Amino acid sequence: MLAADLPPALPQGRSVEGRPLRAHCRGATTAPRRLLVVAAVHGDEPGTQAVTRALRRRTPPAGLRVCVVPALNPDGLRDRRRTNARGVDLNRNFPSADWRTGPRGRYFPGRGAASEPETRWAMRLVDAYRPTLTAYVHQPYGIVVDTPTAPRRLLRTYTARVGLPLRRLGRLRGTAVAWQRRNAFVVELPATAPLRAARHAAALLDAARG
């Protein structure tokens, strides 16, 4: 295979406080289907990392490459804080068409769209990796979000596999899925009930196989 036929190398990045931002991948680089799973977008949702750990223990089926981001927000994770080190909610900072700034606080979207290094790195990762399916794992609502960017059949099948209801959330600006637009959805793990990380990992692999 010619070098020009290979996908580009995945980007390196660092958080506001200099912690590395990493994607851990398994499976052939030439696989026709590519799953991306992103955890700890909010630092006060550490349970989401259980899903990425479960995926890293599994060998992807033939034809599928799997990349996981254990922590998009390592600075917030260290302090169990929702926002990054500059007080920005990363899941309001993506440059979706309806992005706008807002007051400081728990949901502060930043002073500009994609103002944060973590957001920009995630965007470069998606552009380089070109996932055929992306799951952003959050906590604590215990639902699969009825995400317009994901196929309806996938959402219904996934909810049945993991035993969580399919529910809509209110309109949220600047989210990762609103920016990504295609084949991306959100899983909200429960706060206290069993996380069932292995079940989610298996359901994600099945969903990504198409």
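Let me start with Asp79, which is partly exposed at a relative accessible area of 36%. This is a predicted model, so please hear every value as computed from it. Asp79 has a salt-bridge partner, Arg81, with N and O 3.1 Å apart. Arg81 is also partly exposed, its relative accessible area being 26%.

Next pair. Which residue does Arg86 bridge to? The partner is Glu116, and the closest N and O atoms are 3.0 Å apart. This one links distant parts of the chain, as the two residues are 30 apart. Both sit in the loop between helix H2, residues 74-79, and helix H3, residues 117-129.

Is Glu116 buried or exposed? Buried, at 4% relative accessibility. The cut-off for buried is under 20%, so Glu116 at 4% falls inside it. Arg86, on the other side of the bridge, comes out at 42% and counts as partly exposed.

There is also a small network. Salt bridges with shared partners join Glu17, Arg19 and Asp75. Within it, the side chains of Arg19 and Glu17 meet with N to O at 2.6 Å. Glu17 is partly exposed at 45% relative accessibility, and Arg19 is partly exposed as well, at 25%. For the whole model, the count is 13 salt bridges, and the ones I have shown are among them.

Now the sheet. How many strands form it, and in what order? There are 7 strands, and the order is S3-S5-S4-S6-S9-S7-S8. The sheet is open, with mixed pairing. At the edges are strand S3, residues 24-26, and strand S8, residues 166-167, each of which pairs on one side only.

Inside that order, look at S4 and S5. Strand S4 covers residues 33-38 and strand S5 covers residues 64-69; the two run parallel and are joined by 6 bridges. If you want a place to put the cursor, Leu36 stands opposite Cys67 in S5.

Last item, a helix against the sheet. Which strands does helix H4 lie across? Helix H4, residues 152-162, lies across strand S6 (133-138), strand S7 (141-145), S8 and strand S9 (184-190). Relative to S7, the helix runs at about 150 degrees. S8, you will recall, is one of the edge strands.

To recap the pairs: Asp79 with Arg81, Arg86 with the buried Glu116, and Arg19 with Glu17. That is the end of my part.

Note on methods
Residues numbered from 1 in each chain as written. Predicted model: local features only at pLDDT ≥ 70, side-chain atom pairs only at ≥ 80, totals over all residues. Heavy atoms only, no water. Salt bridge = Lys/Arg side-chain N within 4 Å of Asp/Glu carboxyl O. Buried < 20%, exposed > 50% of the residue type's maximum accessible area, 1.4 Å probe, protein only. Helix = DSSP H or I, 4+ residues; strand = E, 2+ residues; numbered from the N terminus. Pairing = 2+ DSSP bridges. Contact = heavy atoms within 4.5 Å. Axes fitted to C-alpha atoms, helices over the stretch in contact; angles between N-to-C directions.
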